[in-house]
Amino acid sequence: GTADIARHLALVAASSVRVPRSTAEAMRLPEAEQWRTAVHKEIKQMNDLNVWEEVDRAEVAPGATILPFAEQFRVKPDADGQIEKFKFRFCANGSRQVQGKDFNQAYAPVIDPVLFRWLLCVAAAMAMQTRQFDFSGAFLNSSLPEGRIIYIKPHPFHRLKKKGNLLRLLKSLYGNRDSARLWFNNMSKKFIELGWHQNKQEPCLFSKRYGEDDSRLAIIVVHVDDGAAAASDVSVIENDLKAMR
């Protein structure tokens, strides 16, 4: 039909937008202003979350870990194929991190697809409501372990107090070798503090009893920064997810 044709044309238009590999390249494209806005939005979010602090390069000790940054650009279409947003992510290039100095362990558990199907089966059998969710900027919410000192070079759009300064990371950053692990440990700790039980065999599976006699069950499965949940009263889940922000 006409709607399908319009959606197809919109998808073609979205896919034809050139995705740059660097900010310098982005500023040469017709969509330069959209990319500029996306970059400034990302940097502002990180400043607001206190992801780093500016330090004088002269005060950085010799041999300190100084990571280059990496850039990710993405054009995100909506369900109808229209361009919803121009997305930019400022990442660390963790290839220079040394195990034992800049991180200890990097492994973080993820779910098997079977576990997700199990959740849907339980929800259907118990007539539960389901919800899907994601954590925005998940890795940026995990503080680095005390005593760990890692610097990163600033983006050209950073407004530094002094030219040539560096940024010391206070929180984990996408691209850090152990960012997924730090996020998972931080997320698990918060769920447990909110009364959720973490399954020993499936650490990405959390359950919670609620109600006057604890007779009602809520279930959450998490895969990195995405999750699915089921409960007879989903407000229990929604309230706890809000409490984690």
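Start by selecting F116: leaving aside neighbours within four places in sequence, F116 is in contact with I111, V221 and A228. The model on screen is a predicted one. F116 is found in helix α4, residues 113-125. Its relative accessibility is 35%, so F116 counts as partly exposed. Now add L205 to the selection. This residue lies 89 residues from F116 along the chain, and the two C-alpha atoms are separated by 9.6 Å.

Next, select R148, which is found in the loop between β5 and β6 (150-152). Is R148 buried or exposed? Its relative accessible area is 13%, and the cut-off for buried is under 20%, so R148 is buried. Show the residues around R148: not counting those up to four places away in sequence, R148 touches D102, F103, N104, R168, D178 and L182.

Strand β6 leads to the sheet. Colour β1, β7, β6 and β2 in that order, which is their order in an open sheet of four strands with mixed pairing. β1 (52-55) and β2 (65-67) stand at the edges, each with a single partner strand, so one side of each is left without a neighbour in the sheet. On average, neighbouring strands here are turned by 35 degrees against each other, direction ignored. Zoom in on β1 and β7 (residues 166-169), which pair in the antiparallel sense over four bridges. To find one of the bridge pairs, select W52, whose partner in β7 is L169.

Now turn to the pockets. The largest pocket has a volume of about 580 Å³. Which residues lie nearest its centre? Select K85, K87, R89, S136 and G137; these are among the 20 residues that line the largest pocket. Then show α3 (32-48), β3 (69-77) and β4 (83-92), each of which supplies at least two residues of that lining. Coloured by residue class, the lining of the largest pocket divides into ten charged, seven nonpolar and three polar residues.

The last stop is the second largest pocket, with a volume of about 410 Å³. Select D134, F135, S136, L241 and R245, which lie nearest its centre among 20 lining residues. Add β5 (129-134), α5 (179-193) and α6 (235-243), since each gives at least two residues to the lining of the second largest pocket. By class, this lining divides into nine nonpolar, six charged and five polar residues. Keep S136 selected at the end: S136 is listed nearest the centre of the largest pocket and also nearest the centre of the second largest.

Terms used. Residues numbered from 1 in each chain as written. Predicted model: local features only at pLDDT ≥ 70, side-chain atom pairs only at ≥ 80, totals over all residues. Heavy atoms only, no water. 1 Å grid on protein atoms, 1.4 Å probe; cavity = no way out; pocket = protein on both sides within 12 Å on 5 of 7 lines; lining within 4 Å. Points joined across faces, edges and corners; volume = space filled by probe spheres on them. Nonpolar A, V, L, I, M, F, W, Y, C, P; charged D, E, K, R; others polar. Buried < 20%, exposed > 50% of the residue type's maximum accessible area, 1.4 Å probe, protein only. Contact = heavy atoms within 4.5 Å. Pairing = 2+ DSSP bridges. Axes fitted to C-alpha atoms, helices over the stretch in contact; angles between N-to-C directions.
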